[in-house]
Amino acid sequence: MSATRVHNLAVSLDGFATGEPQSLEAPFGHAGQRLHEWFFPTATFRRMQGDDRPAAGPDDDDAFASRWADGIGAEIMGAHKFGPPGWQDDPEWRGWWGEEPPFRTPVFVLTHHPRPPLEMGGGTTFHFLDTSPAKALDIAREAADGLDVRIGGGPTVVRDFVAADLVDHLHVVVVPILLGRGVRLWDGLEGVEQRYDVDSVSTSSGVTHLTFTRRR
Ligand SMILES: NC(=O)c1ccc[n+]([C@@H]2O[C@H](COP(=O)([O-])OP(=O)(O)OC[C@H]3O[C@@H](n4cnc5c(N)ncnc54)[C@H](OP(=O)(O)O)[C@@H]3O)[C@@H](O)[C@H]2O)c1
């Protein structure tokens, strides 16, 4: 059976995976780019930008970051990752990532305002679903054709999938900043560590990579 995986989900020390308010100008709200400064110098991020130069500095974070795409056949993301508040009213909105998004697989956007699929360059097609996490996962698994399904965020969707016990592998990057407000990952997930084996590695950028692997 294909696995369900979360990668590179950055959270502050106080557990926020995005700040507020989210907008077109500030997709992470008052968090700005602080949650992802560890990611920008990695070879993986550079490749996503079409930049083949090696990493800008020590690249111990890339051992984690690069797992993002391996063996993935589909992604599921939330409506608030796909666009800023109000994108549902804009028929021209095609996501943040330009005409050739980095996903290169079918991507299922969970939204209460579904629309027809959007075929993008490079193999990405956005499909819009208004359904439960379990049903969305069935649909994504079928599209992934034996490969794994990535839950791409944001925190609300990851939390819902973890709460429904649908996630096999969860990679969270704890960034040593305090945001104080935004959207929390961990609310309602008390005791979740009991379902997983948990590993922790700190890197030279100052972040800590936590990997939760579901116990069989
Ligand atoms: N820290 C990180 O690594 C990371 C990673 C990815 C994204 N982000 C950031 O996280 C933020 C978005 O996260 P978020 O938690 O605010 O929202 P989200 O998880 O992206 O989306 C949640 C929304 O998706 C829709 N939705 C979720 N489940 C649904 C279902 N079963 N059926 C139908 N619709 C459903 C609902 O929107 P509607 O009711 O509006 O349809 C819901 O409010 C953005 O700022 C993004 O940049 C951070």
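Let me begin with Asp165, which sits in the loop between α5 and β8 (169-175), and I should say at once that what we are looking at is a predicted model. Asp165 has a positive phi of about 60 degrees, although it is not a glycine, and with a relative accessible area of 33% it counts as partly exposed. As background, most residues other than glycine have a negative phi.

The loop between α5 and β8 also holds Asp168, and here the surroundings deserve some attention. Is Asp168 buried or exposed? Its relative accessible area is 11%, under the 20% limit, and therefore Asp168 is classed as buried. The side chain of Asp168 makes a polar contact of 2.8 Å with the side chain of Arg214, and a polar atom of the Asp168 side chain also lies 2.8 Å from the backbone nitrogen of Thr4.

A positive phi turns up again at Asp145, where the angle is near 55 degrees in a residue other than glycine. Asp145 belongs to the loop between α4 and β7, and because its relative accessibility is 67%, over the 50% limit, it counts as exposed.

That brings me to helix α4 itself, which runs over residues 133-144. How far apart should the ends of its twelve residues be, at 1.5 Å a residue? The expected span is 16 Å, and the end C-alpha atoms of α4 are indeed 16 Å apart, so the two values agree. The buried residues of this helix are Ala136, Leu137, Ala140 and Ala144. When one looks down the axis of α4, these buried residues fall within an arc of 100 degrees, which means that they line one face of the helix.

Now to the peptide bonds, with the general reminder that most of them are trans. Glu20 and Pro21 are joined by a cis peptide bond, with omega about -10 degrees, and Pro21 has its place in the loop between β2 and α1 (43-48). A cis peptide bond also joins Gly153 and Gly154, in this case with omega about 0 degrees, and Gly154 lies in the loop between β7 (148-151) and α5.

I will finish with the ligand, which is surrounded by 25 residues, the closest being Ala17, Pro27, His112, Thr131 and Thr156. Which helices and strands each supply at least two residues of the shell around the ligand? They are β1 (4-12), β2 (16-18), α3 (79-82) and α5 (155-163). By residue type, the shell divides into ten nonpolar, 13 polar and two charged residues.

As for polar backbone atoms facing oxygen atoms of the ligand, one such atom of Ala79 is 3.0 Å from a ligand oxygen, a backbone N or O atom of Val157 lies 3.0 Å from an oxygen atom of the ligand, and for Leu110 a backbone N or O atom is found 3.4 Å from a ligand oxygen. Taken alone, the ligand would expose 950 Å², and the protein buries 86% of that area.

To draw the threads together, I would keep in mind the positive phi values at Asp145 and Asp165, the buried Asp168 with its side-chain contact to Arg214, and the ligand with 86% of its area buried by the protein.

Key. Residues numbered from 1 in each chain as written. Predicted model: local features only at pLDDT ≥ 70, side-chain atom pairs only at ≥ 80, totals over all residues. Heavy atoms only, no water. Near = heavy atom within 4 Å. Polar contact = N/O pair within 3.5 Å; in protein donor to acceptor, adjacent residues only side chain to side chain. Areas by Shrake-Rupley, 256 points an atom, 1.4 Å probe, with all protein chains shown as cover. Helix = DSSP H or I, 4+ residues; strand = E, 2+ residues; numbered from the N terminus. Nonpolar A, V, L, I, M, F, W, Y, C, P; charged D, E, K, R; others polar. Expected span 1.5 Å × (residues − 1). Buried < 20%, exposed > 50% of the residue type's maximum accessible area, 1.4 Å probe, protein only. Arc of directions from axis to C-beta.
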